[in-house]
Amino acid sequence: MTAIKVTKAAHSTLGEVDLNNSVMGKKFTDYMFVCDYHEGEWKNPRIEPLQLIPTHPAAMALHYGQAIFEGMKATLGKDGTPLLFRPDENAKRLNFSADRMGMPLFPEDLFVEALQKFVAIEKNWIPTAEGSALYLRPFMYADEPFIGMRAATSYKFMVIASPAGPFFSRPIKLYAETKYVRAVNGGTGEAKAAGNYAAAIRPTEIAKSKGYDQVLWLDAQNFEQIQEVGTMNIFFKIGGKFITPDLSGCILAGITRMSVIDLLKDKGFEVIERPITLTEVKQAAANGTLEEAFGVGTAVGIAMISEIGNDDFTIKFEHGTPTGEMIQNTLNGIKLQKIEDKFGWIVEAK
Ligand code: COI
């Protein structure tokens, strides 16, 4: 593989952006990383000015959905060095998704190098306000023009970035979905596939129209076992212990999820990864042992949950989310190098 080639942008749009008041995904930085897959090889890795990408109308991603993505955040460390959080884990998960969707694997060392080089170039776009970051969106899609059902033979892997403020500025309400499902064993629920999110859009719109923020997904057979939430994994604190659904084959293996498990254990909490049902949560609410719930994900960070319900029931969390907030502060502190990174999660981008 050749070295990453950089083409300079003629001008920057940074001056047009209020970095510390940015809504994730609305404004994009000056550059994009691109790498092409042809004839069984990844070729021509490059960083070039952000621009439209010519797309054939028969590009297979548009028809059969061979499209996967990752979410990452870059922050600035103590001395202004741009930092990435566990980029090797995103590289691994991208390849897990690629494998499930019949797409080629992307070299993991090139993934990390590309992210480091890209973020070093876009360093001035990293917001400094607490809870803000530069959101990074690595993605891969099939760009071969072909009408027919088989794995494509050409793909693009790209990275774009958008300054992002906090995803939610208040505790959120989850709609426990009992009509639509997100994933079944053997399906694509464990992959970060674009189609998983496409299938969630309509149910999420309905949940929002009922006053909720995101959908709480339940198992497809009985609508009982809790899987995950719209854009995050979920943790419950019951009787002093933390419970999060185990990686059953239907759940995205969140990188924030695995980090929060380590942080909670490090703070002395017991964390159990096991199936947890809605009935168990309702019973814990009824007997007074349900203490907290929060969602965790790259985009949301830690999202405090104030209510879970649907047309048949409501569980309110009335005592706040003190552990969730403590974990949020710890995670943010590590990402800004204000708290020691004893797990070795931070990687400099330079
Ligand atoms: C992330 O948390 O990075 C995600 O990919 C969620 C996204 C759908 C907003």
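Into which domains is the chain divided? In this predicted model, the chain is split into domain 1 (5–166) and domain 2 (172–335). The following legends describe close-up views of the domains and the ligand.

**View A. Domain 1 and domain 2 of the chain.** Taken over C-alpha atoms, the centres of domain 1 and domain 2 are separated by 27 Å. Domain 1 gives 23 residues to the contact, and domain 2 gives 21 residues.

**View B. The pocket that holds the ligand.** The ligand takes up the space of the largest pocket. Each of domain 1 (5–166) and domain 2 (172–335) supplies at least three residues to the shell around the ligand.

**View C. Residues of the shell around the ligand.** Met24, Phe69, Gly71, Tyr135, Arg137, Lys192, Tyr197, Thr231, Thr298 and Ala299 surround the ligand. Sorted by class, this shell comprises five nonpolar, three polar and two charged residues.

**View D. Contacts of Lys192, Thr298 and Ala299 with oxygen atoms of the ligand.** For Lys192, a polar side-chain atom is 2.8 Å from an oxygen atom of the ligand. For Thr298, a polar backbone atom lies 3.4 Å from an oxygen atom of the ligand. For Ala299, a backbone N or O atom is 2.8 Å from an oxygen atom of the ligand. On its own, the ligand has 290 Å² of accessible area, of which the protein covers 87%.

Note on methods. Residues numbered from 1 in each chain as written. Predicted model: local features only at pLDDT ≥ 70, side-chain atom pairs only at ≥ 80, totals over all residues. Heavy atoms only, no water. Near = heavy atom within 4 Å. Polar contact = N/O pair within 3.5 Å; in protein donor to acceptor, adjacent residues only side chain to side chain. Areas by Shrake-Rupley, 256 points an atom, 1.4 Å probe, with all protein chains shown as cover. 1 Å grid on protein atoms, 1.4 Å probe; cavity = no way out; pocket = protein on both sides within 12 Å on 5 of 7 lines; lining within 4 Å. Sits in = over half its atoms within 2 Å of the grid points. Nonpolar A, V, L, I, M, F, W, Y, C, P; charged D, E, K, R; others polar. Domains from an automatic or database assignment. Contact = heavy atoms within 4.5 Å.
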